2 protein chains.
Amino acid sequence: MSGDHDGLRLRRTQSVTRAEEIQAEELRVRRLQPDKPCHKPRDSLFSWTSGFDNFTGFVTWAFLLLFMGGLRLLLENFIKYGIRVDPIQWVYVLTGQDDSGSEHPSLILLLYSLVPVVLCLLTEKGLSVDIIPNGPGLIIHVINLLVLVMIPIVAIQIKDGFSLMGATSVSFIYCVLFLKLWSYVQVNMWCRTQQRRSKTNHSFRRQSLSFSNLGSGESKNGYNDDHEHEELVQYPDNLHLRDLFYFMLAPTLCYELNFPKTSRIRKRFLLKRIIEVVIGIQLILAVMQQYMVPSVKNSLIPFSNMDITKASERLLKLAIPNHLAWLCFFYIIFHSFMNLMGELMHFADRNFYSDWWNSNNIDTFWRTWNMPVHRWAIRHVYLPCVSMGYSRLSASIFVFFISAFFHEYMVSVPLKTFKIWAFMGMMGQVPLSLISKYMERHFGPRMGNVVVWASLILGQPLCVMMYYHDYVITHFGKDLLEDYSHV
Amino acid sequence: MSGDHDGLRLRRTQSVTRAEEIQAEELRVRRLQPDKPCHKPRDSLFSWTSGFDNFTGFVTWAFLLLFMGGLRLLLENFIKYGIRVDPIQWVYVLTGQDDSGSEHPSLILLLYSLVPVVLCLLTEKGLSVDIIPNGPGLIIHVINLLVLVMIPIVAIQIKDGFSLMGATSVSFIYCVLFLKLWSYVQVNMWCRTQQRRSKTNHSFRRQSLSFSNLGSGESKNGYNDDHEHEELVQYPDNLHLRDLFYFMLAPTLCYELNFPKTSRIRKRFLLKRIIEVVIGIQLILAVMQQYMVPSVKNSLIPFSNMDITKASERLLKLAIPNHLAWLCFFYIIFHSFMNLMGELMHFADRNFYSDWWNSNNIDTFWRTWNMPVHRWAIRHVYLPCVSMGYSRLSASIFVFFISAFFHEYMVSVPLKTFKIWAFMGMMGQVPLSLISKYMERHFGPRMGNVVVWASLILGQPLCVMMYYHDYVITHFGKDLLEDYSHV
């Protein structure tokens with residue numbers, strides 16, 4: 001460097017211009033030389049002083065290397081294990097047919113779920129016409145919901161013949177029902193409260209608002225806004241089976257009396273989503289059979305012996321297929337399936353996920369990856385808690401515990417292994433959140449994003465391995481473990 | 001969709017505005033409802049209609065997954081082979097001490113390279129003072145250069161006791177000397193030609209041009225432009241040993257009489273480059289010992305048996321460490337070492353590589369990854385050919401063949417295996433170039449970039465494996481291959 005960094009901005013610009021002049025003059029003089037000079041002073045691109053910053057080619061590089069690494073693992077796996085994908089076996093696992101013959105306890109439980117739903121509606125009907133007083137009505141609802149949650153726990157524990165997949169489906173659907181009915185009861189309570197308040201004020205009029213027909217318009221997903229808007233449904237006109245079933249099937253956990261609707265079903269859109277669901281499920285099952293099952297089985301011994309090097313190697317080996325299966329699962333559930341249901345039900349709000357892949361800390365990730373649950377938690381737990389006078393922090397913690405409980409529920413109940421790994425995993429989000437925020441603040445948003453992804457990619461296979469380990473020990477005993485170690 | 005796509009732009013804007021009005025009105029009405037509505041019509045982010053396109057988080061994802069995959073391979077390798085890195089062994093391999101005792105044929109050959117260099121200078125001196133006529137002078141130069149290239153071929157073939165690394169260094173340095181002396185001879189010839197032409201025209205004056213001192217300026221790498229410029233050196237004042245040795249050590253293959261110089265050596269910069277060279281070489285050697293050697297050895301049997309699945313798996317397994325070693329090698333040679341030499345020699349032109357990582361076709365890659373050779377080829381082969389009346393295509397093909405020859409030379413001579421894999425690899429660039437251009441034109445520049453990277457990542461290990469296979473068969477015979485297959 002020439003050293004005169006202390007010059008004024010103007011002087012600097014002047015001197016740069018002069019330097020350019022000198023270079024131009026020099027180039028002119030050198031061009032006259034007979035040796036055809038081809039060198040001129042400049043920096044290498046990797047030097048900071050060059051000011052060069054276009055490294056987009058390395059993004060291609062990363063994705064290509066990733067693809068090739070994946071392809072090699074695929075080949076290695078085929079050479080080692082042959083083809084393990086077997087759709088027939090999955091049918092057995094799904095229905096549990098090979099174990100229990102013609103009994104289908106999962107299907108029976110799924111059908112039984114109609115009972116608490118109908119019971120809920122009847123209670124609401126009774127409350128709306130004052131047959132059931134407010135206090136007992138609330139108690140009936142609470143008992144109904146608690147029983148709803150308990151049914152899978154008890155049934156799956158007591159009754160044999162549940163396939164793993166059947167038990168998982170039942171637990172998942174009962175969870176969803178619980179959250180939906182909670183919302184249904186609470187929304188109806190809000191309406192009833194307002195109705196009563198209005199009545200006591202003698203100011204309640206049936207609001208027969210209709211949207212003014214401003215003319216035709218366009219919307220993206222066929223949202224119905226060029227039809228004349230019908231009158232909004234008012235409480236208690238909503239309390240009938242058809243409305244409740246619509247809510248049960250709609251891809252949302254938050255009840256409201258007048259959902260935004262689309263005007264038509266887009267057939268191409270629907271067809272694409274159906275194909276995605278069918279192919280996606282096959283893909284996930286194939287990845288599990290071919291890659292995850294051998295990896296998890298091979299992880300048993302290192303995890304038992306606390307062999308950290310080998311266990312880490314196993315964890316990283318499982319991480320890739322597990323993560324790909326999760327990404328696929330996410331897409332299938334949150335994009336394909338929910339959009340499929342939304343299209344069928346004319347449900348216009350397709351905000352099922354936000355851009356969690358860009359999230360720079362754990363908190364943002366939890367707020368964006370599962371919008372139905374997030375919106376449910378805000379509307380039905382967080383805000384009510386805050387309006388009841390609890391602090392925002394207490395409300396957050398309460399939301400967090402409910403979330404942790406249902407995570408544990410959906411894993412432990414089907415596996416019949418009441419360990420607390422999933423619960424601990426949720427609790428582990430608190431220090432993780434602090435770490436990710438620290439990284440974001442001190443090393444830039446990109447590092448926060450790295451922490452989020454790393455926790456996703458590594459956290460899940462860790463839980464899967466711990467559950468499998470405990471599952472084997474609980475159900476087959478330590479002897480099996482010793483048998484394995486001789487293989 | 002509402003269907004009125006045929007409306008004018010204005011009408012469309014109006015209808016969108018109306019749709020917004022309706023939505024706003026609807027939202028207002030719905031906000032009055034007691035059920036606290038939270039849904040509004042919108043699309044999922046993965047739907048094309050959402051217009052969302054921020055997926056930068058997946059770049060973090062790709063790099064993280066790549067890092068984790070690499071970490072797992074590292075662990076797997078350590079579990080399988082233990083630590084194989086052994087710097088002492090490398091000293092033996094480098095110097096060949098364990099084979100030949102105190103003989104150092106590589107060092108002797110390196111010292112001997114002074115002879116053709118001095119011979120070249122003497123011939124030039126003779127030519128400049130007309131002791132040697134033009135025709136015989138050219139013949140002496142051609143013979144001198146041909147002998148220079150032949151020395152390593154003959155010496156390494158005949159004399160035992162060359163270590164692989166020693167033989168590679170000798171071949172590499174003799175190649176570089178050949179290219180530099182070619183440039184030296186040609187530039188001096190240009191100068192002589194112009195001198196003679198000027199003399200015959202009686203218009204030759206010693207041009208004593210000096211740069212006008214326009215004042216002080218700044219430049220990035222300490223380029224000397226605020227000193228008063230010295231007079232430019234004119235032919236034949238350049239013909240002395242000091243100038244020739246400067247050119248031999250300068251990080252360029254193109255001779256000129258007045259190289260652009262820096263005013264000072266930046267000590268921090270120099271120190272960083274030295275550290276990079278030392279650590280980088282260790283890293284490359286460690287990667288080779290720990291990862292490449294086992295992979296290459298394991299590839300022997302599948303390659304012999306033409307087992308395509310296993311050979312592909314091996315190829316992909318070797319591709320990753322090979323590619324990382326190459327990237328590291330590129331950085332060490334083209335950034336660290338050349339900048340180191342440049343800084344020591346006050347050489348100001350640091351354009352050793354361009355942004356080949358962004359190149360969208362094979363041609364651009366070859367034009368940008370190795371600037372010294374590229375500039376040499378343009379200045380000393382392509383342009384002279386064109387000015388001699390050959391077509392641009394012929395000139396390109398000639399450059400291409402010289403490049404292919406030297407690639408083959410630098411691999412075959414040290415390995416003493418005169419196969420044509422490297423030559424074929426270079427020839428394979430022609431169809432590859434067509435493919436990459438096709439991809440670029442039909443699938444966008446990103447796909448061209450993918451082809452470039454893929455050919456880099458896969459082409460090299462393929463050549464490495466083929467050479468190793470032939471090397472083993474040539475030097476140890478087919479018996480060893482059978483011995484291997486029992487391991």
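**Notes on the A–B interface and its salt bridges**

1. Across the interface of chain A and chain B there are 46 residue pairs in polar contact, both residues at pLDDT 80 or more. A polar contact here is a pair of N or O atoms within 3.5 Å; within protein, one must be able to donate a hydrogen and the other to accept it, and residues adjacent in sequence count only if both atoms are side-chain atoms. On the side of chain A that touches chain B, H2(A) gives the most, with 17 residues; helices and strands are DSSP runs (H or I, at least four residues; E, at least two), numbered from the N terminus.

2. A word on conventions: this is a predicted model, with local features needing pLDDT of at least 70, side-chain atom pairs counting only at pLDDT 80 or more, and totals for chains, interfaces and linings using all residues. Residues are numbered from 1 along each chain as its sequence is written, chains are lettered from A in the order in which they are written, and side-chain values use heavy atoms, without hydrogens and water.

3. On extent, 121 residues of chain A are in contact with 120 residues of chain B, contact being heavy atoms within 4.5 Å. The buried area is about 11,600 Å², with 62% from carbon and sulfur atoms; this is the accessible area (1.4 Å probe) that the two parts lose on being put together, summed over both.

4. The symmetry is nice to see: a turn of 180° and a shift of 0.0 Å along the axis lay chain A on chain B with an RMSD of 0.1 Å, superposing by least squares on C-alpha atoms of residues with pLDDT of at least 70 in both. The copies are thus related as by a two-fold rotation axis. They meet through the same surface, because 99% of the interface residues of chain A are also interface residues in chain B.

5. The rule finds 4 salt bridges across the interface, each a side-chain nitrogen of Lys or Arg within 4 Å of a carboxyl oxygen of Asp or Glu. Glu313(A) pairs with Arg72(B) in this way, at 2.8 Å between the closest N and O atoms. Arg72(B) is buried, at 3% relative accessible area, where buried means under 20%, exposed over 50% and partly exposed in between (1.4 Å probe, protein chains only).

6. Within chain A, Asp349(A) and Arg375(A) also form a salt bridge, at 2.8 Å. Asp349(A) sits in the loop between H12 and H13 and Arg375(A) in H14, so the pair ties together parts 26 residues apart in sequence. Asp349(A) is buried, at 1%, and Arg375(A) is buried, at 14%.
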